[in-house]
Amino acid sequence: MSKLLIKNIKTLVQVRDEAPEKVCGKDMAVLPCIENAWLAIDSGLIADYGSMDDFPGITDWKGLDVIDATDRIILPCYADSHTHIVYAGNREGEFVDRINGLSYEEVAKRGGGIINSVQLLRNTSEEELFQQSLIRFNEIIKLGTGAVEIKSGYGLSLEAELKILRVIKRIKELNVIPVKATFLGAHAIPPEFKGNKEGYIDVLINEMIPAIDKEKLADYIDVFCEKDYFTAAETEKILAAGKKHGLVGKVHAEQLSHSNGIQTAVKCEAISVDHLEYCNDEDINALLKSKTMPTVLPGAAFFLSLPLPPARKMIAAGLPVAFASDYNPGSSPSGNMNFIMSLGCIQYKLTPEEVINATTINSAYAMNMGHKVGSITRGKLANFILTKKINSYGFIPYSFSNNHIENVFINGEIFK
Ligand code: NIG
Ligand code: FE
């Protein structure tokens, strides 16, 4: 791998000599930067950086590539800690049903929703699923994502869940960006277990989890803790079963109603708890005593017109907040983290500094990847975004839905 030097960088963003594992409360408003900077990459890693005013004598490197970044900004790639990008087909039909007045819950009750994607996925071969998912994987990297978590959960049978997790493994083994895999068998109750949720949980715990452990197909286990899906008690039981097989917990919580998912996630020492539309003061207090990362998914709240999670209140209380895309066919059919930052600023009233911390360091924490990505730090992966000519990093969330990226660098090379 060649050595690369980028010089005359207008602003080098999120530079941390020693990166904190997460950024909490008022520290989220602090975004360390170097103006008029240089950045050196060696063997796919960040080797060094500094100000052009004290540019060191490294020009004698053999085979050194040099890029001039005048008027352009560099920031670390986004860490997208919550996606469901391995799915089959799409759900534009339900989109129109919702436009015509049905709620997300009503669509699901009619057999649409997650179960619609389950039927599509079960009828898709592993190879075809891989090809469809690979398109989305490449698409999110082009939009600046440099590490990603991917969930199963559209299979809901041993065979179909293994199919998804094997596709995630194949994506992981491409060794493009770091990938974490999450088993979300508890995403919904499959049609063949209608009226027999106990029976499904039994299969999930006694057949699916051991089989997944045997092939080492997952890092995390997740549950959709929600009315008509899984209760807090069931969530606890499933997370405990996963823990016995080395799977760390994550929870989809308080999205459509208050279901005690946050309290359960904290009790089970989940690494993150995600959605949080119905998060209350008691939940905030519980989170303050935990290591669980509260993760807001602005794309899903936007797409389903849900009440906004209290991100500002969480930060005021001293909590960290992460933002992720939730890229999935039903509630957030986009993995554009630039737009997630815009929503963070426009709807949640976070500053550009806060949303950058939420989509880099804090979201990296939410999938235990802070040692590899999330900041410009010596030794971390050289996964970063080089912008087009823009005046400030705040222009990215401000000028929403426009593409301000000139190139995304992955392992120190331009991603094509
Ligand atoms: O994260 N909330 C549950 N699961 C997904 C949506 C799944 C779907 O509608 O396909 C989410 O929003
Ligand atoms: Fe989700």
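Visitor: Which residues come nearest to ligand 1?

Guide: This is a predicted model. In it, Tyr 104, Tyr 154, His 187, Gln 255 and Ser 331 come nearest, out of 15 residues around ligand 1.

Visitor: What makes the pair of Tyr 104 and ligand 1 a polar contact?

Guide: The cut-off is 3.5 Å between N or O atoms. An N or O atom in the side chain of Tyr 104 is 2.4 Å from an oxygen atom of ligand 1. That value is within the cut-off, so the pair counts as a polar contact.

Visitor: How far from an oxygen atom of ligand 1 do polar side-chain atoms of His 84 and His 252 lie?

Guide: For His 84 the distance is 3.4 Å. For His 252 it is 3.1 Å. Both values are within 3.5 Å, so they count too. The protein covers 100% of the 330 Å² of accessible area that ligand 1 has on its own. The space taken by ligand 1 is the largest cavity.

Visitor: What makes His 82, His 84, His 252 and Asp 326 donors of the iron ion, ligand 2?

Guide: A donor atom must be within 2.8 Å of this metal. The NE2 atoms of His 82, His 84 and His 252, and an OD atom of Asp 326, lie 2.1 to 2.3 Å from the iron ion. That range is within the cut-off, so they are donors.

Visitor: How are the donor residues spaced in sequence?

Guide: The pattern is H-x1-H-x167-H-x73-D. His 84 and His 252 link distant parts of the chain, 168 residues apart. His 84 is in the loop between β6 and α1, while His 252 is in strand β10. Both are buried.

Visitor: Why is Ser 392 called partly exposed?

Guide: Its relative accessibility is 33%. Buried means under 20% and exposed means over 50%. The value for Ser 392 falls in between, so it is partly exposed. Ser 392 is in the loop between β14 and α15.

Visitor: Why is Gln 14 called buried?

Guide: Its relative accessible area is 0%. That is under 20%, so Gln 14 is buried. Gln 14 lies in the loop between β1 and β2. Its phi is near 65°, a positive value in a residue other than glycine.

Visitor: What makes helix α12 largely enclosed by the rest of the structure?

Guide: Eight of its ten residues are buried, so the label fits. Among them are Met 337, Ile 340, Leu 343 and Cys 345.

Notes: Residues are numbered from 1 along each chain as its sequence is written. Chains are lettered from A and ligands numbered from 1 in the order in which they are written. This is a predicted model: local features need pLDDT of at least 70, side-chain atom pairs count only at pLDDT 80 or more; totals for chains, interfaces and linings use all residues. Side-chain values use heavy atoms; hydrogens and water are left out. Donors are N, O and S atoms within 2.8 Å of the metal (3.2 Å for Na, K and Ca); water is not among the atoms, so sites may look incomplete. Helices (H or I, at least four residues) and strands (E, at least two) are DSSP runs, numbered from the N terminus. Buried means under 20% relative accessible area, exposed over 50%, partly exposed in between (1.4 Å probe, protein chains only). A residue is near a molecule or strand if one of its heavy atoms lies within 4 Å of it. A polar contact is a pair of N or O atoms within 3.5 Å; within protein, one must be able to donate a hydrogen and the other to accept it, and residues adjacent in sequence count only if both atoms are side-chain atoms. Accessible areas come from the Shrake-Rupley method with a 1.4 Å probe; for residues, only the protein chains shown count as cover. On a 1 Å grid over the protein atoms alone, a cavity is a set of points where a 1.4 Å probe fits but cannot get out, and a pocket is an open set with protein on both sides within 12 Å along at least five of seven lines; lining residues have an atom within 4 Å of a point. A molecule sits in a cavity or pocket if more than half of its atoms lie within 2 Å of its grid points.
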